[in-house]
Amino acid sequence: MLNVRDLHVRYGRSVAALHGVDLAVPDDGVLAVLGSNGAGKSTLLRTISGTLKLHRGVVTRGEVRLGETRIDKLDPASIVRLGVVGVPEGRQIFTRMSVDENLRAGGISTSAEQRVKARKRVHELFPVLAERGRQRAGLLSGGEQQMLAIGRALMSAPQVLLLDEPSLGLAPKVVEQISGIIREIHAQGTSVVLVEQNAVMALNVADHAVVLEVGRVALAGKSDELSRSEDVQRLYLGGHAETHTVTEEAGPRKHFLSRWGG
Ligand SMILES: Nc1ncnc2c1ncn2[C@@H]1O[C@H](COP(=O)(O)OP(=O)(O)OP(=O)(O)O)[C@@H](O)[C@H]1O
């Protein structure tokens, strides 16, 4: 559904951030994009969401397609209308507005009927957002604000949801909760691109993953295979992986994950 081909991106004259990235996000799949600081993860999401220009970046080669439609030259609003919606790093919810108002803002370009349906879905996924509807969004906990940011994106009923580091700064329990919700969103038929430094969380949630290394895809494959790969262990040893999302059911991955965190 979403295809990135031979993508080259620069910032200004001197910074080449992506050097020929290829990836595909299957229909209703979850693709994790892993990589350390500066690998190009945010640049990739900015390019897909059309916000690259706001950061003075340009695509110098390659393309991004949603189905047959080329989207890398479109503005962010057109890309949202086509069904690709991002949740930026740091959430960026409207803290002075109520939870309900934040959700309403996410559904602004859809019909009243679609909004009712989307709100029902969001409230089922995140009951806390229904309970706290009238509360100021800034009063929510960090995890609840992340839920609101995801909920707001879901209000436009996207085909593809782009998540930039949803686990950032959250307690392990909340990370687990968010992971479950991402799985549920996927099960409901929305594709997800999950950018994460928390590789353990991302590989637990996603079916496929790519590892970016200085602007290139260093590794790609099924998440469970990548989890067992020595290269992944090598790339992330001493990195940001944590063991806290490992569950008893994790089975064969448990061994790898516990080594990884060490
Ligand atoms: N607005 C910008 N102007 C100039 N260079 C930038 C800009 N944004 C990112 N870069 C550079 O592009 C490269 C890729 O950065 P990017 O933010 O995409 O990486 P990342 O994998 O998301 O890292 P992080 O996890 O730290 O956000 C880095 O060398 C970074 O310094």
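# Reasons behind the labels in a predicted model

User: Which element gives the most to the shell around the ligand, and with how many residues?

Analyst: In this predicted model, helix 1 gives the most to that shell, with three residues. Helix 1 (41–49) and strand 2 (15–25) each supply at least two residues of the shell.

User: Which residues come nearest to the ligand, and of how many around it?

Analyst: There are 14 residues around the ligand, and of these Tyr11, Ala17, Lys41, Ser42 and Thr43 come nearest. A residue is placed in this group if its C-beta atom lies within 6 Å of the ligand. Sorted by class, the shell has eight polar, four nonpolar and two charged residues.

User: Why is Asp6 called exposed or buried?

Analyst: Asp6 has 12 other C-beta atoms within 10 Å, and since a residue with 12 or fewer is exposed, Asp6 is therefore called exposed. Asp6 has its place in strand 1 (residues 2–11).

User: What makes the phi of Asp6 worth a remark?

Analyst: The phi of Asp6 is near 50 degrees, a positive value in a residue other than glycine. Most residues other than glycine have a negative phi, which is why such a value is pointed out. Val214, which is not a glycine either, also has a positive phi, of about 35 degrees.

User: How do you know whether Val214 is exposed, partly exposed or buried?

Analyst: The count for Val214 is 14 other C-beta atoms within 10 Å; exposed would require 12 or fewer and buried 20 or more, so Val214 is classed as partly exposed. Val214 is found in the loop between strand 9 (208–213) and strand 10 (216–222).

User: How do you know that strand 1 and strand 2 pair, and in which sense?

Analyst: At least two bridges are needed for two strands to pair, and strand 1 and strand 2 have eight, in the antiparallel sense. One example is His8, whose bridge partner in strand 2 is His19. The two strands form a hairpin with three residues between them, where Gly12 takes a positive phi near 60 degrees.

User: What joins strand 1 to strand 4, and how do they run?

Analyst: Strand 1 and strand 4 (residues 57–66) are joined by eight bridges and run antiparallel, and as two bridges would be enough, they count as paired. In this pairing Leu2 stands opposite Leu66 in strand 4.

User: What makes strand 6 and strand 10 edge strands?

Analyst: The sheet they belong to is open, with six strands in the order 6-7-8-3-9-10 and mixed pairing. Strand 6 (84–87) and strand 10 each pair on one side only, and that places them at the edges. On average, neighbouring strands of this sheet are turned by 15 degrees against each other, direction ignored.

User: Over how many bridges, and in which sense, do strand 3 and strand 8 pair?

Analyst: Strand 3 (residues 30–34) and strand 8 (residues 191–196) pair in the parallel sense over five bridges, where at least two are required. Leu31 stands opposite Val193 in strand 8. Helix 7 (residues 172–187) packs on this sheet, touching strand 3, strand 7 and strand 8, and its direction makes about 155 degrees with that of strand 8. Helix 1, already named for the ligand shell, lies across strand 3, strand 6, strand 7 (160–164), strand 8 and strand 9, running at about 150 degrees to strand 7.

User: How do helix 3 and helix 6 cross, and how far apart do their axes come?

Analyst: Two packed helices are described by the angle between their axes and the distance between the axes. The axes of helix 3 (residues 99–106) and helix 6 (residues 142–154) come within 7 Å and cross at roughly 35 degrees, and the crossing is right-handed. Val99, Asn102, Leu103, Ala105 and Gly106 in helix 3 meet Leu148, Gly151, Arg152 and Ala153 in helix 6. By class, this contact has five nonpolar, three polar and one charged residues.

User: Why is Phe94 called buried, exposed or partly exposed?

Analyst: Phe94 has 15 other C-beta atoms within 10 Å, and as this lies between the limits of 12 for exposed and 20 for buried, Phe94 is therefore partly exposed. Phe94 is in the loop between strand 6 and helix 3. Leaving aside residues up to four places away in sequence, Phe94 touches Asn102, Ala105 and Ala137.

Terms used
Residues numbered from 1 in each chain as written. Predicted model: local features only at pLDDT ≥ 70, side-chain atom pairs only at ≥ 80, totals over all residues. Helix = DSSP H or I, 4+ residues; strand = E, 2+ residues; numbered from the N terminus. Nonpolar A, V, L, I, M, F, W, Y, C, P; charged D, E, K, R; others polar. Axes fitted to C-alpha atoms, helices over the stretch in contact; angles between N-to-C directions. Left-handed = near helix turned anticlockwise from the far one by under 90°. Contact = placed C-beta atoms within 7 Å.
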